[in-house]
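Colleague: I'm new to this one and would like a close look at a single part of it. Could you walk me through the cysteine links and then whatever sits around them?

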Amino acid sequence: MSYVRNESLVEIQIGTEPFEPHACSSTMEHTDLLTRTNGRQRKPAAASENLKDSDRTEMISSESEPEGESDGLIRSSDSESSHRRNSKTRPGVRDELGNISLLLFLYILQGIPLGLAGSIPLILQGKNVSYRDQAFFSFVFWPFSLKLCWAPLVDALYFTRFGRRKSWLVPTQYLLGIFMIYLSFSVNDLLQREGGPDIVTLTAVFFMLAFLAATQDIAVDGWALTMLSRENVGYASTCNSVGQTAGYFLGNVLFLALESADFCNKYLRAEPKDTGIVTLSDFLFFWGMVFMASTTLVAIIKRENEPGKGKKKAKEETQGVMETYKLLFTIIKMPTVFTFCLLLLTAKIGFSAADAVTGLKLVEEGVPKEQLALLAVPLVPLQIMLPVIISKYTAGPRPLDIFYKAFPFRLLIGLEYALLVWWTPSVKHENGFPVYYFAVVVFSYALHQVAVYSMYVACMAFHAKVSDPMIGGTYMTLLNTVTNLGANWPSTVALWLVDPLTTKECQGAAGQSCASPDAAALCAQEGGTCVTTLDGYYVESAVCVVIGLIWWLWLGKRMRRLQEESPAAWRCRVNG
């Protein structure tokens with residue numbers, strides 16, 4: 001249900017933790033800018049980052065002024081004249097509306113293929129594919145968790161004459177457009193083959209879309225730092241979060257609604273038809289053409305580092321590729337960081353069944369995928385308010401205490417999700433599901449979001465607290481990448497294990513079984529029916545909760561103790 005970014009960026013599933021798509025924004029930038037850029041990953045944790053550079057400068061200068069009376073008068077007059085000069089030359093938001101609009105548009109484009117990729121599992125579920133196929137397709141959501149691996153290359157290799165960011169942005173977006181146009185002509189064949197959807201080809205193509213979108217994200221994040229003046233660079237994070245969310249909504253929720261014949265006939269048409277207003281191929285072709293046209297305009301018209309009156313552009317410093325990889329390796333080798341990374345990679349195992357499988361199970365039980373997607377809309381205000389509220393409790397010296405306290409609450413909600421799936425068939429009637437059923441789903445998901453955001457905000461706050469300020473961007477990027485990867489691999493494994501844990505028997509055909517697809521086909525030929533006697537989802541849900549409780553009682557306390565380590569234990573010692 002939630003169009004999440006799957007801690008994995010994108011899947012419409014009930015209950016996935018917010019993923020930070022900018023977990024690797026431009027790791028080569030100047031240290032101060034890197035820290036500010038990656039501050040987006042902890043939006044709720046640092047209200048002070050909203051201060052403009054000029055305001056921060058004025059605060060520092062006011063605190064450092066001597067109390068001498070005559071000196072004070074001289075400084076006062078100097079600061080007044082300086083303020084007048086700055087007021088004339090400092091660019092306002094209106095002066096950079098064009099750049100802000102371009103950034104917003106680029107992030108919207110980035111969200112489109114991610115939203116489409118998130119809609120495919122629900123479409124596949126309607127075609128009765130196996131959960132192993134779903135697990136294989138879930139690799140599509142890994143690139144945003146792994147982009148740290150090639151981000152240094154994007155930052156360091158470019159054509160100077162064409163532009164540091166455009167050298168990657170333009171070819172990447174052209175390839176996105178080409179892939180989407182190609183898919184528009186072949187996606188129906190891939191989904192409607194006689195033996196079932198071609199999962200391998202679908203996964204390969206959508207994996208490339210996600211890989212290209214992740215690469216575009218690295219380039220746009222870096223360009224945002226120099227496209228906007230220092231006074232307005234804070235708007236880059238707003239463009240990122242708003243644009244990517246809007247793009248994902250267009251490619252996922254809106255697409256699923258307009259593609260559904262039932263939804264269109266019920267709400268948008270006077271005369272019913274067998275298909276929705278748009279098809280997947282139409283949607284892909286339209287946005288493929290938008291990518292091609294807009295990229296051409298950006299390549300021809302928009303210049304990097306355009307001179308602007310009174311604009312102070314952020315200085316870019318490029319670190320060598322090998323130096324960056326060596327720095328990352330140095331950080332990982334630190335005992336505290338290595339321990340913390342292992343904890344982050346295992347913390348989400350207990351939630352994997354609830355996060356990865358529940359939404360697909362609800363679709364399997366007959367809940368329309370478009371209604372499941374639309375249920376995420378009324379929860380958007382809650383998702384906006386929760387980080388603001390929770391950040392008040394994570395701003396102290398022990399933010400992981402909130403993570404620890406929310407952990408068992410989230411495990412219990414995972415069991416409640418299993419009960420919700422079990423209850424779903426009993427409330428279904430000829431016309432669908434009653435209103436109170438959807439109210440229960442929304443309420444369940446709202447409770448889940450409280451636990452999810454409590455853990456998420458606490459984790460981001462701790463990342464900000466321990467990151468070495470000398471290499472803040474690279475440090476934060478690494479921790480956020482590990483956090484995202486710690487959600488991806490358990491989700492893939494959880495999907496993979498549903499079928500092996502499920503028990504079925506053949507009823508109506510003596511001597512037959514349903515132990516394999518071939519046996520199930522033979523059962524059907526003999527006039528029998530395969531009936532599920534034990535759903536692997538319920539087994540998995542129980543096992544995950546047990547594993548989660550063990551992690552909480554044993555390793556959870558270890559994670560809390562990391563807060564007691566001295567700042568020096570987190571500081572990276574770099575030679576030279």
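How many disulfides does the count come to?

Modeller: Keep in mind as we go that this is a predicted model. The count comes to two disulfides, so let's take them one by one, using the rule that a disulfide is a pair of cysteine sulfur atoms within 2.5 Å.

Start with Cys 506 and Cys 523, which are joined with an S to S distance of 1.9 Å. Cys 506 sits in strand E3, residues 503-507, while Cys 523 belongs to helix H21, residues 517-525, so this bond ties together parts that are 17 residues apart in sequence. If you look along the bond, you'll find 85° about S-S, which makes this link right-handed. Both Cys 506 and Cys 523 are buried.

Now for the other pair. Cys 514 and Cys 530 form a disulfide too, with their sulfur atoms 2.0 Å apart. Cys 514 is in the loop between E3 and H21, and Cys 530 is in strand E4, residues 529-534, so here the parts being tied together are 16 residues apart in sequence. The angle about the S-S bond is -95° for Cys 514 and Cys 530, and that link is left-handed. As for cover, Cys 514 has a relative accessible area of 10% and is therefore buried. Its partner Cys 530 comes out at 29% relative accessibility, so Cys 530 counts as partly exposed.

How do the two links fit together along the chain? Count the bonded cysteines in order and you get the pattern 1-3, 2-4. There are other cysteines you may spot while you're there. Cys 544 is buried, with a relative accessible area of 7%, and Cys 264 is buried as well, at 0%.

Next, step back along the chain to helix H20, residues 472-501. One residue to pick out there is Asn 480, which lies in H20. With a relative accessible area of 1%, Asn 480 is buried. Its side chain makes a polar contact with the side chain of His 463, at 2.8 Å.

H20 also has a side to show on the surface. A nonpolar patch there is formed by Phe 136, Phe 139, Val 200, Phe 207, Val 493, Trp 496, Leu 497 and Leu 501, and together they have about 630 Å² of accessible area. Two elements give two or more residues to this patch: helix H9, residues 199-227, and helix H20. The largest share, four residues, comes from H20. Take Val 493 as an example from that helix: at 38% relative accessibility, Val 493 counts as partly exposed.

One last stop, further on in the chain. Arg 571 is found in the segment after helix H22, residues 536-561. Its relative accessible area is 43%, so Arg 571 is partly exposed. Leaving out residues up to four places away in sequence, Arg 571 touches Met 334 and Asp 468. The C-alpha atoms of Arg 571 and Ser 467 are separated by 7.6 Å, although these two residues are 104 residues apart along the chain.

If you want one thing to trace by eye, go back to the cysteines: follow the link from E3 to H21 made by Cys 506 and Cys 523, then the one from the loop between E3 and H21 to E4 made by Cys 514 and Cys 530.

Technical notes. Residues are numbered from 1 along each chain as its sequence is written. This is a predicted model: local features need pLDDT of at least 70, side-chain atom pairs count only at pLDDT 80 or more; totals for chains, interfaces and linings use all residues. Side-chain values use heavy atoms; hydrogens and water are left out. Patches are made of residues with over 30% relative accessible area and no salt bridge: like charges are joined within 9 Å, nonpolar side chains (Val, Leu, Ile, Met, Phe, Trp, Tyr) within 5 Å. Accessible areas come from the Shrake-Rupley method with a 1.4 Å probe; for residues, only the protein chains shown count as cover. A salt bridge is a side-chain nitrogen of Lys or Arg within 4 Å of a carboxyl oxygen of Asp or Glu. Buried means under 20% relative accessible area, exposed over 50%, partly exposed in between (1.4 Å probe, protein chains only). Contact means heavy atoms within 4.5 Å. A polar contact is a pair of N or O atoms within 3.5 Å; within protein, one must be able to donate a hydrogen and the other to accept it, and residues adjacent in sequence count only if both atoms are side-chain atoms.
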